[in-house]
Amino acid sequence: MLKKIEDWNYYELLSIERTASQDEVWEAYQAALATYRDGSLAVYGLVTEAERGLILERIQEAFQTLRDPQKRKDYDLALLRHSPYVPPKAPFRKSVGKVEIEAIPPKKTLWARVRRIFSRRNSEA
Amino acid sequence: MVNLSFGAKEKMDKRIWAVGGGKGGTGKSFVAASLGLHLASLDREVVLVDADLGAPNLHTLLGVKASHPDLGDFLTNAIPSLEEAAVATPYRGLRIVKGSENILFIANLNHYKKLRFLRQLRQLKTQNVILDLGTGSSFNTLDFFLSANPGVVVVTPEPTAIENSYLFLKSCIMRVLKLYMDHYKIRDLHQKMLEQIEKNSQSLYGFFKSLMESDRSYGTILYRALRGFRPCLVMNKARDERDVLLGRSVADVARKYLLIDMKYLGAVPYDDDVHASLRGLRPFYLEHRDSAAARAIRQMSEELAYSIEFTLRTPPEIRLPDA
């Protein structure tokens, strides 16, 4: 979903699933700290100092909440009320420039079934 | 208009990888040549195409001398097809389309020639095509990168390389959006995008936000087009663990700030022997097959080989943008 960085929830901020374990939260927190620490090359030329400071604050906030089971439970409940959790979708393709209909089976409508019966009779005759 | 999408059959039959990135000297040709040599060593048919129109030297990395026919001969109609420019190398299964020596004439390809090149690229009689792209963000380089599936950005752990990589990715994004704007005849949005995108790191978000408010249907089309651009990242010349993690961080920052679904393929460790192999005009990958760098290349190749799954996978959070 297109969101402003300030509007990202803690899971989006740390790039983890809502089902992430405590170890995964810790690892993601360490990675996020390394990405946005002072002097980090990863943000060079793209993120301003002010933005980096802001996101670092939010990362601390996210970790403090997600590391505590009770706080995380409360946060998850609040989050669920605000935006329901949608697990990752199954693979499928969306195209914009060129509409691609890839191996989509024809719809089995009543009319298609009737037509098939007639065509079969004709071929038998 | 460059067709950015591949048909299902082409996609399954042919892999076209492009190795690019903003800065020179990051090791694009090294990665391209090593990937080609690895695939060829697995008994696969591979064609390496030196699409660095300004400074071609992929043949030198393979220890092959410049000769005709080359890409220039195809682009100047001296030979009828790109297939004829794909000449054999001393390595079984590997052919190369050498870059042109006549760079003054070739570097500024016109639109028609570019389309002909892209079309013939898909018609090459091989399953694997690897494009080695040049430095910078010219329209030709961007279009070659965008037509591959996927494009691989090679970066080194230096601020200059990272800065240029973000610029290159931004240019790709603007190119994708411009192509779709042209296609849907919404050209007036282009100037607005250029003005907005220069502002700050969250400018892309700002552009989409204002577009959603003014015209949600076009906003949705362009946002989906952007999410369809899924490049991969390689951190080359990594000297320690921090450099390896830096690649992961760069991909994460690109995902968050440039709104693209970027995949980090991994890091290639720095190796002094690369220089020695280059001086001796011998391919590093074949000379040092057991090195950590060669192992990293093999792993990346496998990741890329399964990239069809990655391409078909719906990127996370692809739900329609909010107004």
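1. Start with strands E7 and E8 of chain B (residues 263-269 for E8), which pair in the parallel sense over six bridges. This is a predicted model, so please read everything below in that light. Two of the residue pairs are handy for finding your way: B:Asn236 has B:Val268 as its bridge partner in E8(B), and B:Cys232 is partnered by B:Lys263 of E8(B).

2. How does the chain get from E7(B) to E8(B)? The path goes through helix H13(B), and the resulting β-α-β crossover is right-handed. Keep H13(B) in mind, as this helix comes back when we look at chain A.

3. Now look at the other neighbour of E7(B). Strand E6 of chain B (residues 151-155) is joined to E7(B) by four bridges, and these two strands run parallel. Here B:Val152 stands opposite B:Cys232. So what does having these surroundings look like for E7(B) itself, buried or exposed? Seven of the seven residues of this strand (residues 232-238) are buried, so E7(B) is largely enclosed by the rest of the structure.

4. Zooming out, the strands belong to an open sheet of eight in chain B, with the order E3-E4-E2-E5-E1-E6-E7-E8 and mixed pairing. Which strands stand at the edges? They are E3 (86-88) and E8 of chain B; each has a single partner strand, so one side of each is left without a neighbour in the sheet. From one strand to the next, the twist averages 25°. As a general reminder, strands of a sheet pair through backbone hydrogen bonds, either parallel or antiparallel.

5. A helix also lies over part of this sheet. Helix H16 of chain B (residues 292-305) lies across E1 (15-20), E7 and E8 of chain B, and runs at about 165° to E8(B).

6. For a helix pair within chain B, try H11 (residues 203-214) and H12 (residues 216-227): their axes are 6 Å apart and they pack at an angle of about 145°. On the H11(B) side the contact is made by B:Phe208, B:Leu211 and B:Met212, while H12(B) brings B:Arg216, B:Tyr218, B:Gly219, B:Leu222 and B:Tyr223. By class that gives six nonpolar residues, one polar and one charged.

7. Next, a place where the two chains meet. Helix H2 of chain A (residues 22-36) and H13 of chain B (residues 241-257) have axes that come within 9 Å and cross at roughly 85°. The two helices are therefore roughly perpendicular to each other. Chain A's side of the contact consists of A:Ala31, A:Ala34 and A:Thr35, and H13(B) supplies B:Leu245, B:Arg248, B:Ser249, B:Asp252 and B:Val253. Sorted by class, the H2(A)–H13(B) contact has four nonpolar, two polar and two charged residues.

8. Finally, the two chains side by side. Chain A has five helices and zero strands, following the pattern α-α-α-α-α along the sequence. Chain B has 17 helices and eight strands. Of the 125 residues in chain A, 18% count as buried; for the 323 residues of chain B, the figure is 49%.

9. One last thing to check is how far apart in sequence the contacting residues are. Taking contacts between residues at least 6 apart, 43% of those in chain A join residues at least 24 apart. In chain B, residues 24 or more positions apart account for 76% of the contacts with a separation of 6 or more.

How values were computed:
Residues are numbered from 1 along each chain as its sequence is written. Chains are lettered from A and ligands numbered from 1 in the order in which they are written. This is a predicted model: local features need pLDDT of at least 70, side-chain atom pairs count only at pLDDT 80 or more; totals for chains, interfaces and linings use all residues. Axes are lines fitted to C-alpha atoms, for helices over the stretch in contact, and angles run from 0 to 180 degrees between N-to-C directions. Angles under 35 degrees count as roughly parallel, over 145 as roughly antiparallel, 65 to 115 as roughly perpendicular and the rest as oblique. Two residues are in contact if their C-beta atoms, placed from the backbone, lie within 7 Å. Ala, Val, Leu, Ile, Met, Phe, Trp, Tyr, Cys and Pro count as nonpolar, Asp, Glu, Lys and Arg as charged, and the others, Gly among them, as polar. A residue is buried if 20 or more other C-beta atoms lie within 10 Å of its own, exposed if 12 or fewer, and partly exposed in between; C-beta atoms are placed from the backbone. Two strands pair if DSSP finds at least two bridges between them. A crossover is right-handed if, with the strands pointing away from the viewer, the path from the first strand over the helix to the second runs clockwise.
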